[in-house]
Amino acid sequence: MEPDVSIETSCMIRIAVLPIGNVTPTLLRDYHSMLLRHQTIPLSAISSFYTEHQKSPFMHQPWDSGSLRFKFVLGGAPPSPWEDFQSNRKILAVIGICHCPSSPDLDVVIEQFNAACKGYNSALVKRCFAFSPCDSHLEDGEKKGDNLNLFPPADRQTQEFHLQTMMQDIAASLLMEFEKSVLKAESAGTILKTPLDSQASLSSEEVIKAKKRRLARAQKTIGDYCLLAGSPVDANAHYSTALELARLTTDYFWYAGAMEGSVCSLLVDRMGQKDSVIEEEVKYRYNSVILHYRKSFIQDNAQRVSPLSFELEATLKLARFLCRREMAKDVVDLLTSAADGAKSLIDASDRLVLYIEVARLFGTLGYERKAAFFSRQVAQLYLQQENRSAAICAMQVLAMTTKAYRVQSRASISNHSLSNETGSSHADCGRMHHQSVVSLFESQWSTLQMVVLREILLSAVRACDPLAAWSAAARLLRSYYPLITPAGQNGLASALSNSADRLPSGTRCADPALPFVRLYSFPFQSSQMDIVKRNPGREDWWAGTAPSGPFIYTPFSKGEPNDNSKQELVWIVGEPVQVLVELANPCGFDLKVDSIYLSAHSGNFDAFPISVNLPTNSSKVISLSGIPTSVGLVTIPGCTVHCFGVITEHLFKDVDNLLHGAAQGLVLSDPFRCCGSVKLKNVSVPNISVVPPLPLLVSHVVGGNGAIILYEGEIRDVWISLANAGTVPVEQAHISLSGKNQDSVISIAYETLKSALPLKPGAEVTIPVTLKAWQLGSVDLETAAGKIASGSMGRHLKDGSSPSILIHYAGPATNSEDQSVLPPGRRLVLPLQICVLQGLSFVKARLLSMEIPAHVGEKLPRPVSVETNSTEGTVVSENKMDKLMKIDPFRGSWGLRFLELELSNPTDVVFEISVSVHLENSSIENGKSVEQDATEYGYPKTRIDRDYSSRVLIPLEHFKSPILDGSFFMKDLQSDRTTGSKSVGFSEKNTKAELNASIKNLISRIKVRWQSGRNSSGELNIRDAIQAALQTSVMDVLLPDPLTFGFRLVGNNSEQAAKLDLPKESSASEGSVLAHDMTPMEVLVRNNTKETIKMNLSISCRDVAGENCTEGTKATVLWAGSLNEIIMEVLPLQESKHGFSLYFLVPGEYTLVAVAVIDGATDILRARAKTGSPDEPICCRGPPFHVCVTGTT
Amino acid sequence: MIVCVAVVGHQNNPLYIQSFTEEDDALKLHHIVHCSLDVVDERVNNPKKSGPTLNETFLGLLYPTENYKVYGYLTNTKVKFILVTTDLDVRDADVRNFFRRFHAAYVDAVSNPFHIPGKKITSKTFSERVSAIVKSFGLSSAG
């Protein structure tokens, strides 16, 4: 069997093309391709070379439309045993090709050519074409005879023209030879035999039959020649005769041959035009051809020779003729039967040819899977021949099948779609993706795919093509590792290494092997080197352009709402960058990656290779770094990996597709997941642009970058050192704060930074920052407590409660190359790692007040000072403790009011508390208030040991205003006046606000500072607690009662009674009263308001049991003067007296209390008394005074 | 005897291939099923103009190969069912019937809420049911 047969093969003149002398394969191919242009020589073109020696047997030769067809057999072919049967199998001409420069001696060339021609007995014309001869050759050539044709060196066109002429000459010569042959065949009784014919001697009747047969065969041979000579009509006539004769002699084989010839002549006659009628005719006749070939099968010599190959050839010819989509069914039937017949073929090479043809025809038909199937059969046949060239053939055939099985090498894909990919890298992304998804679907025929790859590997090894072997093993391992046993995986790994050993080092392969590489993350700028676009129009150039938070995406950012998947990334020339990739080795052997680095096709990126070891079934995230070298765009499609001795490129996109497929269940397994790595969101490769160098500030906290540990409220300075690590000076810098607890940064020495500008590369500046620790919230406390308990304090830092210092800085405003574009600035985010520890904890605040009743003496309990300049009368003693206890100047009793703070110290250090009260001088209006020159009171420090709690008392004595007037309620009254009674709620609100304001004012004057150790100090923030404690009784603290009462003994001698205001020190020694004695007393009422108060005063006296002693039948005290219903009127800020006398019957302790009911109370008084309704009487009750009565009963 | 049945997804991805022979010819049957997709594709892309076959799911005999006959069936979701049999004279009605039952089994299998469309069918129930259908195919043709 022969490859590439078709119905028209019968009319082709076979010409052997032989290299003569030394012709390199390239040159030979080149000359051959020149010949191929002259496969068809029109008869009209050769008429000039043709001379009719005798009457031509080709009577109907179409000189104007016909042509001769050549089939060039490069390298020649051995004579076929079937030459007699089909003349077109004969080599009818020989063309030698000689390249003169490499074979200078023309004599030798001719000798060689003649020797070569010896093998071709059937050749009618022999020519040797000598190309590129030199002048001496040309001279010689003239005498060498006409077999040698010299082609003088000339341009290609001229040479081709020359060649055309030569070919036409050959054609004419052949035509003349054919005429001779036909005439000879008609006359002479040459015996035409095929291997099919019986070798045995013929019986007598068969001899007669044989004569007729001989005639038929001769007719067929003549027909063949007619066909070769391009005269289909003549051929048809001869074939008809042959058919008739062959049918009579039941010479089926020749009958079929003649029939084939007649079909060919029919087609040639019709000049290749195909219509359905012809198609039907051809189909009909060829079916008959096939049938007759089958009929000619003779059992006797079936072992030796069989017409089967002719039958199959005829089948293929018909199939090729019909091979169109519309006829697919017929063609498939034909091809299937041909393929089925292949098993009966004796010759292996016949089977090979048959499979090749079947595969090709299926391929033409568009049945790529069947084509692939038969190609694989071909490859298997090749592999059965144990030699290298067969293995190479097998490998190449298998390589063709890879497309159908979707296991093709990346190299072959990229050759195909190179134009696509370069032209539209981004726009076609979706389509490419789709394609790859489809191929993922198809890649599930793993059983078939693995077989193909394994056979490629086998054949490549046998063909000694290490690169192909490597590629096949790589594909096999990468795609089908889950289906391969660990032992098999190891085998593939060693196949990879063995192949690599035969390859020169540095060989690249298009197909990646292991490991799987996926993009883990593109670290968007670390906060240390944020790049901020400069807004040239603004002083604060970073505003509005900078990402305003830790989030890459904010829902409020405007523009490009759909394009947020494509992140822009800016890299800077000369600054190293990192990309995190994840590697996975899902196979059962340890993988050593000799080097892996980012592959950038843009050429402006230097990647640093690293080497990695991946143990069995493991994955690893590694950081790959590199330095952008020049301004422009950088694309990083994947990594370049040097593993198993070959350099491959691993594209991120491929692995993404793979993982995508794995997620959909299309791919066998996700290599990362089976290595225990977690599922990762698809990371998109950002657009990376490289910009010119920028300054780069690097910061560190002096004294270590660890957390700054502060107790609540602690104030401390830290120093931050900033250094310019870039190559461009910093010319502007601006500091701002962000994050939580910004108020904990009290001050930043911005001026220090300012004065250091411009900061040259390498220069450093240190700026102090004052911090004050914030209060821990209750939640913080709990978590902190929990953390302390679990012993992981460090974690606490991560909660992001610390503020960050933002430094926006920029280099020179213009760079030298481009004046128009402002280079971007940068932002340094310096998170202050402040760890606030719980300091003193505040438990509660309480207002303590107590009154110690005064004794009624001869003198009034002295007001602390009645006049500012008199100090002798003050009760304030030198004793420190006594200082805390003040006599209320107007109430007449010892009044004590403390703010008690309960503090506990849960820490492990000692705290010392100091309280200071700041007084407002301005508030002291009329000098009657407590006045000591110091505006601050210092109190002894309180020390709280660790794990103890303690109470700190803050006296609240200095705040009372001396006069009860409207100023306190001013707002209240005004609002009442303006809005009337309509807005009571509003006025109440105002009252409340006023109250709060005054409390705040009060609180702000109290400062509680603490100190711990040598360098920790701070202030307790307890405002809220104090406020809560004071809320209810602030009026009592701040305001005096409207009336104050006092009792005193009037001296025994009544004349002293007149000198009320000047009690004598001497006589007023002890306020003791004798029983059974009339004791004159007086009650003093002072009006603390600015209005005159009318009142109804009553005095009561009670004994220790609380019984009223002046009333009832058992009264123990007699009295003189009036005790009840005393009507008094006291002028503003004045005092009145009322005298009376008591006669105590029983000695003991008595208590005197004055009560006044105020008539016609003003609003101020009502507000002070907190009365509900305006009708309620306002009752002022004085403090109790003790009277100690001595004597006997 | 049915030697192999297969379900092939609409992207020509195998969803289920089960052979019913003792010999180790899985690869060969895979090849046969794989090759049959060519014919299915061709039938789908060049539908016959004749009316009745317009909505026909049964594709008929796809091709005979060696000792096998390959039948095809195309669901309206473009899922292909392939049947490989060694019986040389098979009645079309039998094959149609087989495919109809097979289709029902397939529909039940993919209606499982835990089945991911496009993924290989791993349901044991399905394969048991298919085995039963395959066995009964032999019986009904005999009877």
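**Chain B, two cores and a sheet in a predicted complex**

Chain B has three helices and five strands, where helices (H or I, at least four residues) and strands (E, at least two) are DSSP runs, numbered from the N terminus. This is a predicted model; local features need pLDDT of at least 70, side-chain atom pairs count only at pLDDT 80 or more, and totals for chains, interfaces and linings use all residues. Residues are numbered from 1 along each chain as its sequence is written, chains are lettered from A and ligands numbered from 1 in the order written, and side-chain values use heavy atoms, without hydrogens and water.

Trainee: What pattern does chain B follow along the sequence?
Mentor: Chain B has three helices and five strands to place. Read along the sequence, they give β-β-α-β-β-β-α-α.

Trainee: What is the mean pLDDT of chain B?
Mentor: pLDDT is the predictor's confidence in each residue, from 0 to 100. In chain B, 89% of the residues reach 70 or more, and the mean is 79.

Trainee: Which helix gives the most to the largest nonpolar core?
Mentor: A nonpolar core is a set of buried Ala, Val, Leu, Ile, Met, Phe, Trp, Tyr and Cys residues joined through side-chain atoms within 4.5 Å. Buried means under 20% relative accessible area (1.4 Å probe, protein chains only). The largest core has 206 residues, and B:Val84 is one of those touching the most other members. With 12 residues, the top contributor is helix α5 (residues 156-187) of chain A.

Trainee: Which strands stand at the edges of the open sheet of four strands, and why is one side of each left without a neighbour?
Mentor: The order is β20-β22-β25-β24 (chain A), with antiparallel pairing; two strands pair if DSSP finds at least two bridges between them. Each edge strand has a single partner, so one side lacks a neighbour in the sheet; the edge strands are β20 (697-701) and β24 (745-748) of chain A.

Trainee: Which residue stands opposite A:Ser721?
Mentor: Strands β22 (residues 715-724) and β25 (residues 764-772) of chain A pair in the antiparallel sense over nine bridges. Opposite A:Ser721, in β25(A), is A:Thr766.

Trainee: Which side chains of strand β48 of chain A are buried?
Mentor: Side chains alternate along residues 1185-1190. A:His1186, A:Cys1188 and A:Thr1190 point to one face and are not buried. A:His1186 stands opposite A:Thr1151. The buried ones, on the other face, are A:Phe1185, A:Val1187 and A:Val1189.

Methods
Buried < 20%, exposed > 50% of the residue type's maximum accessible area, 1.4 Å probe, protein only.
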